[in-house]
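Colleague: I would love a close look at just one part of this model. Could you walk me through it slowly, with each term explained as we go?

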Amino acid sequence: MQGLIGPPDYSQEPSRHPSLRINAKEPFNAEATRENLISSYITPVEFFFKRNHGPIPLVDDISSYNVSIGGLIAKSIQLSLDDIKKLPKHNVTATLQCAGNRRTAMSNKKEVRGVGWDVAALSNAIWGGAKLCDALKLVGIEYNTKMTPSGGKHVEFISVDQCKEEDGGPYKASIPLHQASNPFSDVLLAYEMNGEVLNRDHGYPLRVVVPGVIGARSVKWLDQINIIEEECQGFFMAKDYKMFPPTVNWDNIIWSTRKPQMDFPVQCAICSLEDVNTVKPGQVTIAGYALSGGGRGIERVDISVDGGKTWIEASTHQKDDVQYIPDDISSDKWAWVLFKAVVDITEDTEIIAKAVDSSANVQPEHVETIWNLRGILNTSWHRVRLQIAP
């Protein structure tokens, strides 16, 4: 497209923070350290996880950049970035989480395919932009529309990057039209992140942010928005990011038997400690994050310091000086909560954290029960080991 280019190689990649843990260099995939991840409720841009499937696109002429809206509608249009900025601006605090978060721990039980992520393949930001539902009104799609007169039931987003999984074509994904056209779903055409212009790694000049679902649906470097009849048939919708049972392997998998993953389950992880730690006897701080998909709040985070025999409840918070109340108007419904508990440790032990969301969903105890060949949605109890220093 004019103005935005998806380069064929990695010779013009942006610079990144040196503290990031690099899980793949080309395409670049990296996460913050555990400590940096929970250093603040809003993740600094330099620590926000980087998830890519090809070289980072380049803008050569922002004045000629535009996004098309077409497909099963009466008339297609082209919108410049200035056109989008003329729509009402909204700020939405939302956590994006890669479906492969905590994949390494799943792979340690039985090998899976995919980039190996620790617990930091997610981050929380304040996204600024126009609501997608307002942009859709420009082509005659009213709020809360389930189907257009021409039969459109899904909204497809197409990037300009070049992905090997798409044989060099662009990344693409879709969401249901009723979600895209619902003002309360807060789906954004975002051009700002934490009050600043998006940087290249995170989708400059324009990206989609779909709160409450796996990050794979929040397409960066946006080129096209298409109203389509069925779900997008791109690789990352049709042949990836689907949840299969442990009995399915690469010899018997039938991709069409499962729907593309959208909402993510309840999740939490300890970030104040590594997998194995040597500590002195006494007080130890257990801190981390918890979140759930679909806008569901976190009801509580349970901590065990004796391998799951007994439990205590951690404190939870979001914004400073504002009490966190699950599903309350004062809380950020699309964002994580941070938790903390201070415990006394006198001997070697296993620390466990598990979260419960506002619908009473709880994390599964063992990773084996949710193991899947793509290693997605590892939401099992998070465990770390403490060894008393001699």
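Modeller: Happy to! Two strands count as paired if DSSP finds at least two bridges between them. Strands themselves are DSSP runs of E with at least two residues, helices are runs of H or I with at least four, and both are numbered from the N terminus. This is a predicted model, in which local features need pLDDT of at least 70 and side-chain atom pairs count only at pLDDT 80 or more, while totals for chains, interfaces and linings use all residues. Residues are numbered from 1 along each chain as its sequence is written, and side-chain values use heavy atoms, without hydrogens or water.

Let's look at residues 259–387. An unreviewed UniProt entry annotates them as "domain: Moybdenum cofactor oxidoreductase dimerisation"; such annotations may be inferred rather than shown by experiment, their names are shortened, and their positions follow the numbering used here. This stretch is 0% helix and 42% strand, and its end C-alpha atoms lie 43 Å apart.

Now for the pairing. Strands of a sheet are held together through backbone hydrogen bonds, in parallel or antiparallel fashion. One open sheet has 5 strands with mixed pairing, in the order β16-β23-β22-β18-β19. At its edges are β16 (276–279) and β19 (312–313), each of which pairs on one side only. Follow β16 inward and you meet β23 (residues 382–388), which runs parallel to β16, with 4 bridges between them. Within that pair, valine 276 has arginine 385 of β23 as its bridge partner.

A second place to look is β21 (residues 337–345), which runs antiparallel to β17 (residues 282–291) and is joined to β17 by 9 bridges. There, glutamine 283 faces aspartate 344 of β21. β20 (residues 315–317) also runs antiparallel to β21, through 3 bridges. Find threonine 316 and you will see its bridge partner in β21, phenylalanine 339.

Finally, step back to the whole protein, which has 6 helices and 23 strands. The C-alpha atoms fill a box of roughly 70 × 50 × 40 Å along the principal axes. Of the 390 residues, 56% are buried, where buried means under 20% relative accessible area, exposed means over 50%, and partly exposed lies in between (1.4 Å probe, protein chains only). You will find 0 disulfides, a disulfide being a pair of cysteine sulfur atoms within 2.5 Å. Cysteine 232 shows why: its sulfur is 11 Å from the closest cysteine sulfur, in cysteine 163, too far for a bond.
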